[in-house]
Amino acid sequence: MSIHPNFVWGTDNDSHVRVRSFGNIVDYDPKSTERDTELRIIESLAREMGARRVLWQILANDKYPEARFRVQRSVDIVRPANTFGYINYDRCDGIVLEEPGDAVALTSRDCPILILRNPHGWPAAVLHCSRSSLQGAEIGRATKSVFSEAFQLCAGGFLDCTEVGGYLTMGIAEEHFHNEKYPHITDSLKRNWGMHVIGGTKERPTIDIVELVRVQLRARGVSTERVLWDALDTFTDPRLASVRAGRGGHNLVIVVRR
């Protein structure tokens, strides 16, 4: 297990994936492509985890609606020759790891990262679970989700999903994720996924991202008892970066396909 001072959670006892989460470990301007220092940190951590190579995947957000919900296979991403670490600026919300030794790094602030895998081996999906990746009400795609493409790409390995499990790490707790500015989104989520994914008050509703992840997984046949949540709250945990709490920097999750 990592002893890095920014290490907050991880698992080394899964024979198919190795996961490590780090709080507020890299700080960069999201508008800049000058990220060599941060990539060196990611490379060092990935090597320690036994990776053969590591991809730093840049995530989609509201400014890139065409990239929302999109998932890519790691083997399809063209990398420069003879490089251990590589940054992919072709934005998406998830990566499917297929080859042993392949690793992906995702940086986030208040959004949790979900790792799904078949306990019998291939494949493993690493997904960005944000408000924007789990619904698209504001762009006319209310029931769209990052899970749509992820489960398509993993269909041969996830089979009927009854044995799929994984890990959900970091992310903002429901009581701190106020969404009163987006009534069209909270109303849509209640209609499509149930009242229990919305908390707070009528005047100041909140979104329970963890429960939204769980209900969407259950709809696809996944038992959420098999998906371990680390319960780390970006808002209240001083070790973690959080936009809502005003703590800068970025959290980091690295996943290695074993």
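Where is the place of Ser-242? In this predicted model, Ser-242 sits in the loop that runs between β13 and β14. Being in a loop does not settle how much of a residue can be reached from outside, and here the accessibility gives the answer: Ser-242 has 0% relative accessibility, so it counts as buried, the cut-off being under 20%. Its surroundings are worth a look in the viewer. Leaving aside residues up to four places away in sequence, Ser-242 touches Asp-110, Thr-234, Phe-235 and Arg-247.

Stay in that loop for a moment and look for Ala-231, which also lies between β13 (227–229) and β14 (250–257). Ala-231 is not a glycine, yet its phi is positive, at about 65 degrees. With a relative accessible area of 47%, Ala-231 is partly exposed, because the value falls between the 20% and 50% limits.

Another residue with a positive phi is Met-170, where the angle is near 60 degrees, again in a residue other than glycine. You will find Met-170 in the loop between β10 (165–169) and α4. Its relative accessibility is 2%, and therefore Met-170 counts as buried.

Now let us turn to the interior. In soluble globular proteins, nonpolar side chains tend to be buried together. Here the largest nonpolar core has 33 residues, and those with the most contacts inside it are Leu-114, Leu-116, Leu-127, Phe-147, Phe-151 and Leu-217. Two or more residues of this core come from each of β8 (113–118), β9 (121–128), α2 (146–153), α4 (183–193) and α5 (209–219). Of these elements, α5 gives the most, with 6 residues.

To get a feeling for this core, centre your view on Leu-127. Not counting residues up to four places away in sequence, Leu-127 touches Val-71, Asp-93, Gly-94, Pro-112, Ile-113, Leu-114, Leu-116, Val-146, Phe-147 and Ala-150. There is also a second, separate core, with 22 residues, including Val-8, Leu-97, Val-104 and Tyr-167.

What about empty space? The structure holds 1 cavity of 30 Å³ or more. The largest cavity contains about 40 Å³ of space, and its lining is made up of Leu-168, Val-213, Arg-214, Leu-217, Val-227 and Trp-229. Two elements, α5 and β13, give two or more residues to this lining, and the largest share, 3 residues, comes from α5. We have met α5 before, as the element that gives the most to the largest core. Leu-217 also returns here: it lines the cavity and is among the residues with the most contacts inside that core. By class, the lining has 5 nonpolar residues, no polar ones and 1 charged residue.

Finally, go to the loop between β1 (7–11) and β2 (17–26), where Asp-12 is found. Asp-12 is partly exposed, because its relative accessible area of 24% is above the 20% limit for buried residues. The side chain of Asp-12 is joined to that of Arg-18 by a polar contact of 2.9 Å. For a sense of scale, compare the position of Asp-12 with that of Leu-189: they are 177 residues apart in sequence, and in space their C-alpha atoms are 35 Å apart.

Notes
Residues are numbered from 1 along each chain as its sequence is written. This is a predicted model: local features need pLDDT of at least 70, side-chain atom pairs count only at pLDDT 80 or more; totals for chains, interfaces and linings use all residues. Side-chain values use heavy atoms; hydrogens and water are left out. Helices (H or I, at least four residues) and strands (E, at least two) are DSSP runs, numbered from the N terminus. Buried means under 20% relative accessible area, exposed over 50%, partly exposed in between (1.4 Å probe, protein chains only). A polar contact is a pair of N or O atoms within 3.5 Å; within protein, one must be able to donate a hydrogen and the other to accept it, and residues adjacent in sequence count only if both atoms are side-chain atoms. A nonpolar core is a set of buried Ala, Val, Leu, Ile, Met, Phe, Trp, Tyr and Cys residues joined through side-chain atoms within 4.5 Å. Contact means heavy atoms within 4.5 Å. On a 1 Å grid over the protein atoms alone, a cavity is a set of points where a 1.4 Å probe fits but cannot get out, and a pocket is an open set with protein on both sides within 12 Å along at least five of seven lines; lining residues have an atom within 4 Å of a point. Grid points are joined across faces, edges and corners, and a volume is the space filled by probe spheres set on the points. Ala, Val, Leu, Ile, Met, Phe, Trp, Tyr, Cys and Pro count as nonpolar, Asp, Glu, Lys and Arg as charged, and the others, Gly among them, as polar.
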